[in-house]
Amino acid sequence: MKSVLTETQLRNLKEHKYSCQGISIVEQYLQPIWRELVEKLPLWVAPNLITFTGLMVNLVSTAFIVAQDPNGEGKATMWAYLFAAFGLLVYQTLDALDGKQARRTGSANPLGELFDHGCDAVSTYLVALCGVSSIGMASFPMMAVFFVVLLLELNFCYHWQTYVCGKLYFYSVDVTEGQYTSMAVFIIAGLYGVDAWDYMLPMLGISFRVGIIIGTIFFSLLNYINVFKVILSRGAGKNGSTVADTSVVSPFITPLILVPMVFIYASMSPGYVIQNHLMLFLCALTLPIVKTTILMMLAGMTKSPFPLVDPIMLGPFLAICNLYLGELVPEYYALWLLALFNSASIVYLCVSVCIAICEYLQVSCFTILYPPPGTKPQQDGH
């Protein structure tokens, strides 16, 4: 397979050092538990295998919900929602252990960081789909689309921030809090059904469902503000530019292209696809955001220009053209083709990047030697 990374990108990646700052409210209490748990893992277990195992559990649990509730009406079974909560707990826990296992075994490398964050981008998407169903957002289909786009673009902005300053920042209310809140929502939906969200909040005059949506938007916007404060003031490159010495604001072009196409299609669909096939629509139109997030991570770690456009962005444009031309391909089948293309594009990128990095660093993605030749296990950090 031809390498998708240049020699310069691979050399920069090899020299990359992980840097982070801050800790969220919940995470500081979970760190002792995670440190205890990682000691139970065999020393021969590769950190990336830990991450991948958690992602697969997360993926399977989400697939059950999407299959049972394709319109986001909250019609999945009790066990599907409980399994989704379990799947997210497994992913969140294993995701917290992989870095500790890498430091414990002396096998930390840039591939591990990229693999971890790439899986996080996919998991964010899966959690958003489960959230749409467990809250029963079919009653507000356009809000459901906004909800998913808001979360996916926030993750994109987190890594845009890292691309600018070379450091990943954690805020007081961050991903960990969002994951545990999502677990609670899945459990309540499983035990009491999505009708539980119709209960009116005293004094506020709004339902729990609307309250959850407003709360998610509020805390997301707070983090957007924090992120853009960093983007606009802490450029690590020349004259306040990015780590790749490019404009700190140029990555905004990508969401500026993608996001409007999502809502244009949603508003012009003759088959009311966001009402009749909401999950399919989200797979077809919002998955490109996941790939652009992974490309942003890659640009930051390789200190190379972020590609403002990508072939995956052509899909939503062609889908809109298909509607304008009178559905040359029936809408339902066109969206299926687009969803499959998106998935294949992301898988191809991830596999090809992993192969290129493994060959360059002469490491294996899912196995390690213990102790690795010429290294010593490191003390655990963040």
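M203 is exposed, its relative accessible area being 89%, and it makes a handy starting point for a tour of this predicted model. This residue sits in the loop between helix 7 (175-192) and helix 8. From there we can move on to how helix 5 packs against helix 3 and against helix 12, and then to the aromatic pairs, of which the structure holds 13.

**Loop residues with positive phi**

- M203 has a phi near 75°, a positive value in a residue other than glycine.
- Y272 joins it on this list, with a positive phi of about 50° although it is not a glycine.
- Look for Y272 in the loop between helix 9 (253-268) and helix 10 (273-276).
- With a relative accessible area of 55%, Y272 is exposed, because the cut-off for that class is over 50%.

**Helix 5 against helix 3**

- Helix 3 (residues 47-68) packs on helix 5 (residues 110-135) at an angle of about 15°, and their axes are 10 Å apart.
- Angles under 35 degrees count as roughly parallel, and helix 3 and helix 5 are therefore roughly parallel to each other.
- The crossing in which helix 3 passes helix 5 is left-handed.
- On the helix 3 side, the contact is made by N48, T51, F52, L55, N58, L59, T62, I65 and V66.
- Helix 5 contributes L111, G112, F115, D116, C119, V122, S123, L126, L129, C130 and S133 to this contact.
- By type, the residues of the contact of helix 3 with helix 5 divide into 12 nonpolar, seven polar and one charged.

**Helix 5 against helix 12**

- Helix 5 also packs with helix 12 (residues 287-302), here at an angle of about 160° and with the axes 10 Å apart.
- Since angles over 145 degrees count as roughly antiparallel, that makes helix 5 roughly antiparallel to helix 12.
- Helix 5 passes helix 12 in a right-handed crossing.
- From helix 5, the contact takes in P110, E113, L114, H117, G118, A121, V122 and Y125.
- Helix 12 meets them with L287, V290, T293, I294, M297, L298 and M301.
- Sorted by type, the residues of the contact of helix 5 with helix 12 come to 11 nonpolar, three polar and one charged.

**Aromatic pairs**

- One pair worth a look is F115 with F366: the ring centres are 5.7 Å apart and the planes stand at 85°, so the pair is edge-to-face.
- F115 lies in helix 5 and F366 in the segment after helix 14 (331-361), so the pair ties together parts that are 251 residues apart in sequence.
- F115 counts as buried, at 11% relative accessibility.
- Its partner F366 counts as partly exposed, at 34% relative accessibility.
- F115 is also one of the helix 5 residues that make the contact with helix 3.
- Elsewhere, ring pairs link F156, W160, F228 and F306 into a cluster.

**I213 in helix 8**

- I213 has its place in helix 8 (residues 208-231).
- With a relative accessible area of 6%, I213 is buried, because that class covers values under 20%.
- Leaving aside neighbours within four places in sequence, I213 is in contact with M137 and M143.
- I213 and M137 are 76 residues apart along the chain, and their C-alpha atoms are separated by 9.4 Å.

How values were computed
Residues are numbered from 1 along each chain as its sequence is written. This is a predicted model: local features need pLDDT of at least 70, side-chain atom pairs count only at pLDDT 80 or more; totals for chains, interfaces and linings use all residues. Side-chain values use heavy atoms; hydrogens and water are left out. Axes are lines fitted to C-alpha atoms, for helices over the stretch in contact, and angles run from 0 to 180 degrees between N-to-C directions. Helices (H or I, at least four residues) and strands (E, at least two) are DSSP runs, numbered from the N terminus. Angles under 35 degrees count as roughly parallel, over 145 as roughly antiparallel, 65 to 115 as roughly perpendicular and the rest as oblique. A crossing is left-handed if the near helix is turned anticlockwise from the far one by less than a right angle, and right-handed if clockwise. Contact means heavy atoms within 4.5 Å. Ala, Val, Leu, Ile, Met, Phe, Trp, Tyr, Cys and Pro count as nonpolar, Asp, Glu, Lys and Arg as charged, and the others, Gly among them, as polar. Buried means under 20% relative accessible area, exposed over 50%, partly exposed in between (1.4 Å probe, protein chains only). Rings of Phe, Tyr and Trp (its six-membered ring) pair if their centres lie within 6.5 Å; planes under 30 degrees apart count as stacked, over 60 as edge-to-face and the rest as tilted.
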